[in-house]
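This briefing covers two topics: aromatic contacts and the surroundings of one strand. Please read it alongside the sequence and coordinates.

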Amino acid sequence: MDIGLMWYDKDSRTPFAAKVELAAERYRERFGVEPNLVLVHPSAIGEGAAPGYEVRASAYVRPHHLVVGYDADAQPTPRLVEAAAATVEEERPRKKRRAA
């Protein structure tokens, strides 16, 4: 992965897949590329699956953080795009960003 986007979410009520989808959506907005790789702290490996993304543990990622990005060698798991998008919208409302 050459460029990654770090995402912080400590909310334990939000499913892992929803956190990944929110971070991936921001990555797509910012870089215009579909991410396929997620790096997480080793303690987060058991939190759940993220369909459509390869999830790898990295000691460099802090707890409650994840890094999404694109890696040509990644082996993402299959996913249903419509189901993943619906899950994100149902699970957590969007937060409004402050104007800079």
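The points below concern a predicted model. They take the aromatic pair first, then the burial of strand 4 and its pairing with strand 1 and strand 2.

**Aromatic pair**
- The structure contains 1 aromatic pair, formed by tyrosine 27 and phenylalanine 31.
- The ring centres of tyrosine 27 and phenylalanine 31 are 4.8 Å apart, and their planes make an angle of 50°.
- The pair counts as tilted, because 50° falls between the limits of under 30 degrees for stacked and over 60 for edge-to-face.
- Both residues belong to helix 1 (residues 16-31), where a spacing of 4 residues puts about one helical turn between them.
- Tyrosine 27 is buried, with a relative accessibility of 4%, whereas phenylalanine 31 is partly exposed at 30%.

**Burial of strand 4**
- Strand 4 spans residues 65-69, and 5 of its 5 residues are buried.
- Cover is found on both faces of strand 4.
- One side carries the buried residues His65, Val67 and Gly69, while the other carries Leu66 and Val68, also buried.

**Partners of strand 4**
- Strand 1 (residues 4-8) pairs with strand 4 in the antiparallel sense, over 5 bridges.
- In this pairing, tryptophan 7 stands opposite leucine 66.
- Strand 2 (residues 37-40) also runs antiparallel to strand 4 and is joined to it by 4 bridges.
- Here valine 40 stands opposite leucine 66.
- Leucine 66 of strand 4 thus has tryptophan 7 and valine 40 opposite it, and leucine 66 is itself buried.

Notes: Residues are numbered from 1 along each chain as its sequence is written. This is a predicted model: local features need pLDDT of at least 70, side-chain atom pairs count only at pLDDT 80 or more; totals for chains, interfaces and linings use all residues. Side-chain values use heavy atoms; hydrogens and water are left out. Rings of Phe, Tyr and Trp (its six-membered ring) pair if their centres lie within 6.5 Å; planes under 30 degrees apart count as stacked, over 60 as edge-to-face and the rest as tilted. Helices (H or I, at least four residues) and strands (E, at least two) are DSSP runs, numbered from the N terminus. Buried means under 20% relative accessible area, exposed over 50%, partly exposed in between (1.4 Å probe, protein chains only). Two strands pair if DSSP finds at least two bridges between them.
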